[in-house]
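Where does this protein leave open space, and what lines it? The report below takes its pockets in turn.

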Amino acid sequence: MHKCFSLFYFLFFFNMIISQVGDNISEQFENIHLHINKTTFLQGERLWFKAYVREQKTGLPSLLTSNLHVALFNKEGEEVKRKLIYIQNGLGQGSFAIDSTMTDTEFTLLAWTNYMLNFKKLTPFSQKIKLVNYDTVSKISSEPTIQISVYPEGGQLIEGAYNNIGILVNNGLSKGLAVNDLTLIDDSGKVIRNNITTNELGMGKAGFMVEAGKSYSLQFDKADFPTISKSLPEAYKIKSV
């Protein structure tokens, strides 16, 4: 464990290194995305992730990186867990045990490559993680709640192409819910897909054409529940040669 290594110092030295790199270096930037199983955990569970490392310019899997650093930091910025993940053809996977050593309620999951340190204006992948203890769970209100997560195939939406997305619907306590009335709309309110369903584990999928300049969201609107909207990530724009 590297408790002496803090999130503050990591970001400080990360930015210091990349600021010293000359402007004449070819900008072969990389994008990192971690697809995680959920963002709220109980002790004893496991955080699973699949890593995607892509060339920013082309959107293709990066062949420059073979090692990905993935770490968890607590609220004080102290590193509590870290793993070195092998990346092959832009893909890798791993997990962390949510165990008794994790006593905080909030953590930050970071992922970065050594190659990223060579370029300006790049930041690590960052995702907030919450840890709920059993006592807290027992006191949570029984009022219904819905959480929607969206996972684009390949880690990102591609503009001007047909895209598939994975959907996960849960009750706010990581228990999957089966629904049959999710609606996909664009930023003008136009319905793109309706009656999208999930199975008893809360898992579903949908495909659609992503138009240039458009943004999209999933909506759940049903009696006894407030209307819930989940924005999809911004689509990647493929640059013409």
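Ala, Val, Leu, Ile, Met, Phe, Trp, Tyr, Cys and Pro are counted here as nonpolar; Asp, Glu, Lys and Arg are charged; the others, including Gly, are polar. By that scheme, the lining of the second largest pocket splits into seven nonpolar, eight polar and three charged residues. The model is a predicted one.

**Largest pocket**

This pocket holds about 800 Å³ of space. Its lining counts 36 residues. Nearest the centre lie Ile32, His33, Phe125, Gly155 and Pro233. Two or more lining residues come from each of strand 1 (30-36), strand 3 (46-55), strand 8 (125-131), strand 9 (147-152) and strand 15 (228-231). Strand 1 makes the largest contribution, seven residues. By class, the lining has 17 nonpolar, 13 polar and six charged residues.

**Second largest pocket**

Here the volume is about 350 Å³. The lining has 18 residues, and His35, Tyr151, Ile167, Leu168 and Met203 are the closest to the centre. At least two lining residues each come from strand 9, strand 10 (162-170) and strand 13 (203-209). Strand 10 gives the most, four residues.

**Linings by class**

| Pocket | Nonpolar | Polar | Charged |
|---|---|---|---|
| Largest pocket | 17 residues | 13 residues | six residues |
| Second largest pocket | seven residues | eight residues | three residues |

Which strand supplies at least two residues to the second largest pocket and also two or more to the largest? Strand 9 appears in the list for the largest pocket and in the list for the second largest pocket.

Conventions. Residues are numbered from 1 along each chain as its sequence is written. This is a predicted model: local features need pLDDT of at least 70, side-chain atom pairs count only at pLDDT 80 or more; totals for chains, interfaces and linings use all residues. Side-chain values use heavy atoms; hydrogens and water are left out. On a 1 Å grid over the protein atoms alone, a cavity is a set of points where a 1.4 Å probe fits but cannot get out, and a pocket is an open set with protein on both sides within 12 Å along at least five of seven lines; lining residues have an atom within 4 Å of a point. Grid points are joined across faces, edges and corners, and a volume is the space filled by probe spheres set on the points.
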